[in-house]
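Biologist: Could you take me through one part of this model in some detail? I'd like to follow a single element and see what surrounds it.

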Amino acid sequence: MEDLEIKIRDIVQKHRKSKSPLNLPENFYSYAEENIKFLRDEMTRYVQEGKTEEYMEIKEKVERIEKQIKELKMIRLKMIFGMAMDYVFLKKNPDTTNLTSGEIETYENFNDVINAFIQSRKNEISERNEKVEENETKIEEKKIYYNIVRILKDFPPDEKLRVYEGDIVIKKEDVLTVPSKLAEILKNNGYADIVDTIEVEETQ
């Protein structure tokens with residue numbers, strides 16, 4: 001059986017220098033599992049035979065192999081995540097020919113997760129904007145509209161009008177600030193012309 005430790009070390013070194021996943025030998029991970037199982041069987045046999053030195057040698061070898069396999073999987077996982085990011089954000093179609101079937105599934109899951117995150121952020125921003133608009137509407141509803149009017153004829157001397165400036169006696173050519181509804185009444189009855197409109201914040 002080919003020395004798995006040498007083989008996996010070579011594969012890891014090549015992946016460290018690569019920007020994308022490299023092609024793995026066919027059924028590589030299954031092959032690695034079979035080799036590790038074989039080595040563990042050897043460890044069991046050495047224990048039974050009382051060969052402590054041989055047992056420790058195989059044990060350390062298995063640990064090195066498992067560590068290298070873990071590094072290889074992590075390197076490829078980071079590459080696959082980068083491929084998914086490029087696809088989602090740059091619309092760059094990745095080359096998945098060097099991925100295992102399990103890695104292709106992982107790549108698709110990454111796509112789903114990234115898209116879900118983007119959509120959640122869009123929803124969050126949309127909800128925030130809606131709240132801002134709602135608050136602006138509430139502020140708008142608290143505004144009172146006034147009109148600046150020019151009085152066209154005198155009011156009776158004993159009659160006062162409640163205006164923005166207070167209760168006053170109205171005379172011809174006076175310029176006053178009155179609520180818009182009152183301004184319309186005065187205009188419709190020939191008492192005033194509307195000069196301008198202003199907004200006044202409602203006081204609590």
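Modeller: Happy to, and let's take helix 3, bearing in mind that this is a predicted model. Helix 3 is 39 residues long, and its first and last C-alpha atoms are 56 Å apart, close to the 57 Å expected at 1.5 Å a residue. Just past the end of helix 3, K91 adopts a positive phi of about 55°.

Now for its partners. The largest nonpolar core holds 19 residues, and those touching the most other members are F28, I69 and L72. Helix 3 (52-90) gives two or more residues to this core, as do helix 1 (4-17) and helix 2 (28-49). Leaving aside residues up to four places away in sequence, I69 touches I8, Y29, A32 and I36. A second core lies apart from this one; it has nine residues, including F155, I170, A183 and L186.

Helix 3 also carries R76. Is R76 buried or exposed? R76 has a relative accessible area of 0%, and because the cut-off for buried is under 20%, R76 counts as buried. Again setting aside residues up to four places away in sequence, R76 touches H15, P21, L22, L24, Y29, N98, L99, T100 and E103. Y29 is thus a contact of R76 and also of I69.

To place the helix in the whole chain, there are five helices and five strands, following the order α-α-α-α-β-β-β-β-α-β along the sequence. Of the 204 residues in the chain, 26% are buried.

Definitions and conventions: Residues are numbered from 1 along each chain as its sequence is written. This is a predicted model: local features need pLDDT of at least 70, side-chain atom pairs count only at pLDDT 80 or more; totals for chains, interfaces and linings use all residues. Side-chain values use heavy atoms; hydrogens and water are left out. A nonpolar core is a set of buried Ala, Val, Leu, Ile, Met, Phe, Trp, Tyr and Cys residues joined through side-chain atoms within 4.5 Å. Buried means under 20% relative accessible area, exposed over 50%, partly exposed in between (1.4 Å probe, protein chains only). Helices (H or I, at least four residues) and strands (E, at least two) are DSSP runs, numbered from the N terminus. Contact means heavy atoms within 4.5 Å. The expected span of a helix is 1.5 Å times one less than its number of residues.
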